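Hi,

Here is the structure I said I would pass on. Have a look at it first, and then read on for what turned up when I went through it.

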Amino acid sequence: MGVSMAPCAVVSNPARALVPGSWARRSKVMVKKALGRRPGNWPGAADSSGAALGPRHSYKGTSDRRAAYSANKANTGPPLAVPLRHSPVLLPPLTSLPPSLILLPLLLVQLWYWAQYFRPFTRRPIEAPGDEPGPDSEPISLILCAHNELDNLRELVPILLKQDYPAGFELVLINDRSHDETEFYAQQLAQYYPGRFRLVTVTHTPAGFSPKKYALTLGIKAARYERLLFTDADCRPVTYDWLRLMQRGFSQKNGADMVLGFSGYTEEPGLLNQLIRYETLLTAAQYLGLAWASRPYMGVGRNLAYTRRIFQATKGFASHIRRLSGDDDLLVQDAVALGARVAVVADPAAQTLSEPARTWAGWWRQKRRHLSAGSRYRAPDRFRLAIFMGSNVLFYLLTPAVLAVSLSSENIISLGVLWLARTLLLLLAYIPLARRLGQTLPAAALPFFDFLYLAFYCAWGLSLLVRRPLQWK
């Protein structure tokens, strides 16, 4: 007894399986019409002897295809091989590809960031102090917050008061709960520079408020002018044109509301100093490059300027007054959310230099405080930063796993090519950027600094998940 393989038609007599007009035949026709296929044109059809038929197609256009169709219909022999219009493309199975190719998308992400953000900023022209893109006609208030910084103030204040700025400026010094002789020193300055120096004394901070943000708020209220320029007591402008060049940033972008500057660290011997300066360069590549591409997300309070109007529009530091960090980057976040126009002035003559941390523990605490504000960034900014930093971190983390999966020569060679490409990309990205910002780092050591910094970056992130800092002076 034979059984037809046709769906919906199981009969006891194979000779009647495909007899025209039979119930099985009618069932097959109805099913195939419902499926939009011709009878006999699907697997499982059987001939009168019970032999399975191959799939049938409607062949038109060539005689050999019609002959093949007629032979299959007559069932006089085995199905003929029908020539195809196109030769099939044979792809290698996925299992034959080197496992190291999983790193390729990560490398492409880093290449995209280099081409989209880092390289355009590196190639922007440098503005010399003698260039005159706009008149320096608006006065400006320099605001400096200090907590027990008498020694630094004695070096910094004379440099600030000697800035070359024709329109005039004032220096607002905020004495934030200092226990040294800062107030006495400030009173002497007020006598020597009447009208150009203003002292604001903070004796205590309200409970739960960020001390620095509270002190800056009082200083901004006491400032006389609309444009405000900020730095820290441990910073030094590299030239006497610093104020003039930073002020010109307000004339960019059809009248900018904020001006982002660059602040590096002084060069000293030792691995810690080199690693700190590399981290500063990498951070600058991100926030200056994205701001230059109209994607601003942060600034550094050591070299930052904005207008009183935008500070009032964001209600000052109200949205994050209880967070110890964020007087610079979270303010930029709030301002950009309100549509603030942001300009970039990072030329070597418009920079400041800061004293770096002297110990690993001090640097660890400083970076944890800085990174703690990242959770308050806008979602698009967090996404862009996560993609860039994540692609770098995963490139390192997945490399041992790729080697563990396969030690074949093909996998090792492709992995070496990818690592060589990433090293070249790293050098092409950061060497011109360091030259553009006037930074000096040993080129041969950049890959090592990159690995070490990303290891610290992961450790900082994990520590913030376990325990939040945070303490200002």
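Of the 473 residues in the protein chain, 48% are buried. Please keep in mind that this is a predicted model. The chain holds 14 helices and 10 strands. Among its contacts with a separation of 6 or more, 77% are between residues 24 or more positions apart.

I'll start with the helices at the C-terminal end of the numbering, then go to a helix pair, a loop and the salt bridges.

**Helices 13 and 14**

Helix 13 (residues 409–436) has 28 residues. From its first C-alpha to its last it reaches 41 Å, close to the 40 Å you would expect at 1.5 Å a residue. Its buried residues include several leucines, namely Leu415, Leu418, Leu425, Leu426 and Leu433. Polar and charged side chains are on that list too, including Asn411, Ser414, Arg422 and Arg436. What do the buried residues of helix 13 pack against? The answer is helix 3, helix 8, helix 12 and helix 14. Just after helix 13 comes Gly438, which has a positive phi, near 75°.

Helix 14 (residues 446–466) also agrees with its expected length: 21 residues at 1.5 Å a residue should span 30 Å, and the end C-alpha atoms are 30 Å apart. Leu446, Phe449, Asp450, Leu452, Tyr453, Leu454, Trp460, Ser463 and Leu464 are its buried residues. The cover over them includes helix 8 (271–292), helix 11 (360–371), helix 12 (379–405) and helix 13.

A salt bridge ties these two helices together. Which side chains make it? They are Asp450 and Arg422, at 3.0 Å from N to O. Asp450 sits in helix 14 and Arg422 in helix 13, 28 residues apart, and the pair links distant parts of the chain. Both ends are out of the way of solvent by the accessibility numbers: Asp450 has a relative accessible area of 2%, so it is buried, and Arg422, at 4%, counts as buried as well.

**Helix 3 against helix 12**

Helix 3 (residues 104–122) packs on helix 12 at an angle of about 140°, and their axes are 9 Å apart. Are the two parallel, antiparallel, perpendicular or oblique? Roughly antiparallel would need an angle over 145 degrees, and the pair is therefore oblique. The crossing is left-handed. On the helix 3 side the contact is made by Leu106, Leu107, Val109, Gln110, Tyr113, Tyr117 and Phe118. Helix 12 brings Arg384, Leu385, Ile387, Phe388, Ser391, Asn392, Leu394, Phe395 and Leu398.

**The loop after helix 3**

Pro125 lies in the loop between helix 3 and strand 1 (140–146). With a relative accessible area of 65%, Pro125 is exposed. Leaving out residues up to four places away in sequence, Pro125 touches Asp347 and Arg436. Pro125 and Arg436 are 311 residues apart in sequence, yet their C-alpha atoms are 9.3 Å apart in space.

Its other partner, Asp347, is in the loop between strand 9 (342–344) and strand 10 (352–354). Is Asp347 buried or exposed? At 2% relative accessibility, Asp347 counts as buried. The C-alpha of Asp347 is also 10.0 Å from that of Arg124, although 223 residues separate the two along the chain.

**Other salt bridges**

A search of the whole structure gives 17 salt bridges. Here are a few besides the one between helices 13 and 14.

- Arg341 and Asp257 meet at 3.4 Å, N to O. The pair links distant parts of the chain, 84 residues apart: Arg341 is in the loop between helix 10 (329–337) and strand 9, and Asp257 in the loop between helix 7 (242–248) and strand 6 (258–260). Arg341 is partly exposed at 37% relative accessibility, whereas Asp257 is buried, at 5%.
- Asp176 and Arg177 pair at 2.9 Å, N to O. Both residues are buried.
- Asp164, Asp241 and Arg244 are joined into one network by salt bridges that share partners.

That's what I have so far. Over to you!

Terms used: Residues are numbered from 1 along each chain as its sequence is written. This is a predicted model: local features need pLDDT of at least 70, side-chain atom pairs count only at pLDDT 80 or more; totals for chains, interfaces and linings use all residues. Side-chain values use heavy atoms; hydrogens and water are left out. A salt bridge is a side-chain nitrogen of Lys or Arg within 4 Å of a carboxyl oxygen of Asp or Glu. Buried means under 20% relative accessible area, exposed over 50%, partly exposed in between (1.4 Å probe, protein chains only). Helices (H or I, at least four residues) and strands (E, at least two) are DSSP runs, numbered from the N terminus. The expected span of a helix is 1.5 Å times one less than its number of residues. Contact means heavy atoms within 4.5 Å. Axes are lines fitted to C-alpha atoms, for helices over the stretch in contact, and angles run from 0 to 180 degrees between N-to-C directions. Angles under 35 degrees count as roughly parallel, over 145 as roughly antiparallel, 65 to 115 as roughly perpendicular and the rest as oblique. A crossing is left-handed if the near helix is turned anticlockwise from the far one by less than a right angle, and right-handed if clockwise.
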